[in-house]
Protein chains: 4
Amino acid sequence: MDLDDLARRLHEFTSSRDWHQFHTPKNLVMALAGEAGELTALFQWLTPDESAKIMDNPETADQVRHEVADTLAYLLRLADVLNIDILAALAEKIDVNERRYPVDLARGTALKYDKLGSKHS
Amino acid sequence: MDLDDLARRLHEFTSSRDWHQFHTPKNLVMALAGEAGELTALFQWLTPDESAKIMDNPETADQVRHEVADTLAYLLRLADVLNIDILAALAEKIDVNERRYPVDLARGTALKYDKLGSKHS
Amino acid sequence: MDLDDLARRLHEFTSSRDWHQFHTPKNLVMALAGEAGELTALFQWLTPDESAKIMDNPETADQVRHEVADTLAYLLRLADVLNIDILAALAEKIDVNERRYPVDLARGTALKYDKLGSKHS
Amino acid sequence: MDLDDLARRLHEFTSSRDWHQFHTPKNLVMALAGEAGELTALFQWLTPDESAKIMDNPETADQVRHEVADTLAYLLRLADVLNIDILAALAEKIDVNERRYPVDLARGTALKYDKLGSKHS
């Protein structure tokens, strides 16, 4: 199944349970933020090194996979109700970021694009 | 471009800027939560009806599309560094939810699965 | 007990369990975001009217009170490790907002301050 | 000014701008999550050590202070509209946590209370 198939499956899941009444864009954004919060909670006390090994523990790995899946589910539902082509939106955003973060200026720095190259200004 | 192509493009974008040092799972989860927070901020004062019309204003529509794209970008990066097959994870989660939320019990209610059908218990 | 007393109690709670190693500013910000996410999850499917009555259900009311308390706890810990006088910071921010949102321009609108009064510009 | 004074000042700020219509519990929870997201964004690429020095840069320090203040502001507004005594709620929650995390079991570990002392089980 590709992304479109899964988005359709989520749409049908929602329809068959009469849940469209709950899936306003506002509510879906909250659900997305709630899932991102659950992911955050799984990582909050880990050192960067520990966070890189989080999938080594099968129980935690399962939680992470579920939260990642839930986050994607609500993001696809949100894109659906807002009529956003999410793959096209991402492709465009990568184009924008390639212009905002030229390789030679952005290499090795986490500065935001509006601070890049400020040594020259 | 499908989801895998975009995930690969994001991987190369990261490599060519030497940004893998910043893309620990912990940091990517924070970035994801930050983007979800920005989406939340766009919807926070809207009524449900207003939220359904958010794409009618071209300027706001553009912001929403960008935040949705950024959220997907960090989710794909996270799945990449954790070696999660995100489409398979979502397909499995939908299977789980189909069992947790049987159509006849879940129809028209926003109750969590562990509260469903409690009238029978 | 006032806010300072509670901040001190939280500090001692942390010290006596040797938890300062976990309470980096970065980790506390994540914990705060995680609690905000849990609050969000409690409200995500409610209509505005239902959200106004959330404290009528004793079980849910208890959850909300706990999440509100947890959010304040992590905010106080964060202010502690960053050496921020949180009451002074808030007083200053209200001053800023009183200048940014003059009563006559801001009345009845949820526009951000940089969009206020744009009809005159 | 103590916390109650600031909560009252925020209430009056809201009244005088006729903003109570926007301050439903649902919307305030979203605003709180949005501010937590902005704080998260300030810390997302920092190492733990860098996060401990974030207040050394005056510009960033100012942003952090403002976000901490905004988070407290929305938390106080939320407690106000839900009629929660936030200081009492926090005092109770610390009591709960002192029982959940006994010093001898919780020392030096970030395990959740339901996993504590599982070596004995």
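**Exercise 1. How many helices and how many strands does chain A have?** Describe the fold elements and the overall dimensions of the chain.

*Solution.* The model is predicted.
Step 1: count the elements. Chain A has 6 helices and 0 strands.
Step 2: write them in order. From the N terminus, the elements of chain A read α-α-α-α-α-α.
Step 3: compare the radius of gyration with that of a globule. For a compact globule of 121 residues the radius would be near 14 Å, but chain A has 19 Å.
Step 4: take the extents along the principal axes. The C-alpha atoms of chain A fill a box of roughly 60 × 35 × 25 Å.

**Exercise 2. Characterise the contact between chain A and chain B.** Give the residue numbers, the contributing elements and the classes.

*Solution.*
Step 1: count the residues on each side. Chain A brings 59 residues to the contact, and chain B brings 59 residues.
Step 2: find the elements of chain A involved. At least two residues of the side of chain A that touches chain B come from each of helix H1 (3-16), helix H2 (25-43), helix H3 (48-52), helix H4 (58-82), H5 and helix H6 (103-106).
Step 3: pick out the main contributor. H4(A) gives the most to this side, with 13 residues.
Step 4: sort by class. The side of chain A that touches chain B divides into 39 nonpolar, 10 polar and 10 charged residues.

**Exercise 3. Find the operation that relates chain A to chain B.** Then decide which surfaces the copies use.

*Solution.* Two copies of a chain are related by a rotation about an axis and a shift along it.
Step 1: superpose. A turn of 180 degrees and a shift of 0.0 Å along the axis lay chain A on chain B with an RMSD of 0.0 Å.
Step 2: name the relation. The two copies are thus related as by a two-fold rotation axis.
Step 3: compare the interface residues. Of the interface residues of chain A, 100% are also interface residues in chain B, so the copies meet through the same surface.

**Exercise 4. Describe how H5(A) packs on H1(B).** Give the geometry, the residues and their classes.

*Solution.* Two packed helices are described by the angle between their axes and the distance between the axes.
Step 1: read the geometry. Helix H5 (residues 86-100) of chain A and helix H1 (residues 3-16) of chain B pack at an angle of about 15 degrees, and their axes are 10 Å apart.
Step 2: classify the angle. Angles under 35 degrees count as roughly parallel. H5(A) is therefore roughly parallel to H1(B).
Step 3: assign the hand. H5(A) and H1(B) make a left-handed crossing.
Step 4: list the residues. On H5(A) they are Leu87(A), Leu90(A), Ala91(A), Ile94(A) and Asn97(A), which meet Leu3(B), Leu6(B), Arg9(B), Leu10(B) and Phe13(B) of H1(B).
Step 5: sort by class. This contact of H5(A) with H1(B) holds 8 nonpolar, 1 polar and 1 charged residues.

**Exercise 5. Repeat the analysis for H5(C) and H1(D).**

*Solution.*
Step 1: read the geometry. The axes of helix H5 (residues 86-100) of chain C and helix H1 (residues 3-16) of chain D cross at roughly 15 degrees and come within 10 Å.
Step 2: classify the angle. H5(C) is therefore roughly parallel to H1(D).
Step 3: assign the hand. The crossing of H5(C) and H1(D) is left-handed.
Step 4: list the residues. H5(C) uses Leu87(C), Leu90(C), Ala91(C), Ile94(C) and Asn97(C), while H1(D) uses Leu3(D), Leu6(D), Arg9(D), Leu10(D) and Phe13(D).
Step 5: sort by class. The contact of H5(C) with H1(D) has 8 nonpolar, 1 polar and 1 charged residues.

**Exercise 6. Analyse the packing of H2(D) and H4(D) within chain D.**

*Solution.*
Step 1: read the geometry. Helix H2 (residues 25-43) and helix H4 (residues 58-82) of chain D pack at about 160 degrees, with axes 9 Å apart.
Step 2: classify the angle. Angles over 145 degrees count as roughly antiparallel. H2(D) and H4(D) are therefore roughly antiparallel to each other.
Step 3: assign the hand. H2(D) and H4(D) cross in a left-handed sense.
Step 4: identify residues in the contact. H2(D) contributes residues including Leu28(D), Leu32(D) and Leu39(D), and H4(D) contributes residues including Val64(D), Tyr74(D) and Leu78(D).
Step 5: sort by class. The contact of H2(D) with H4(D) has 14 nonpolar, 3 polar and 5 charged residues.

**Exercise 7. Describe the contact and the symmetry between chain B and chain D.**

*Solution.*
Step 1: count residues. Contact is made between 14 residues of chain B and 14 residues of chain D.
Step 2: sort by class. The side of chain B that touches chain D has 8 nonpolar, 5 polar and 1 charged residues.
Step 3: superpose. Chain B is placed on chain D by a rotation of 180 degrees with 0.0 Å of shift along its axis (RMSD 0.0 Å).
Step 4: locate the axis. Gly37(B) comes closest to the rotation axis of the residues of chain B, at 2.2 Å (C-alpha).
Step 5: compare the surfaces. The same surface serves both copies, as 100% of the contact residues of chain B recur in chain D.

Key. Residues numbered from 1 in each chain as written. Chains lettered and ligands numbered in written order. Predicted model: local features only at pLDDT ≥ 70, side-chain atom pairs only at ≥ 80, totals over all residues. Axes fitted to C-alpha atoms, helices over the stretch in contact; angles between N-to-C directions. Helix = DSSP H or I, 4+ residues; strand = E, 2+ residues; numbered from the N terminus. Parallel < 35°, antiparallel > 145°, perpendicular 65-115°, else oblique. Left-handed = near helix turned anticlockwise from the far one by under 90°. Contact = placed C-beta atoms within 7 Å. Nonpolar A, V, L, I, M, F, W, Y, C, P; charged D, E, K, R; others polar. Least-squares fit on C-alpha atoms with pLDDT ≥ 70 in both. Rg over C-alpha atoms; globule rule 2.2 N^0.38 Å.
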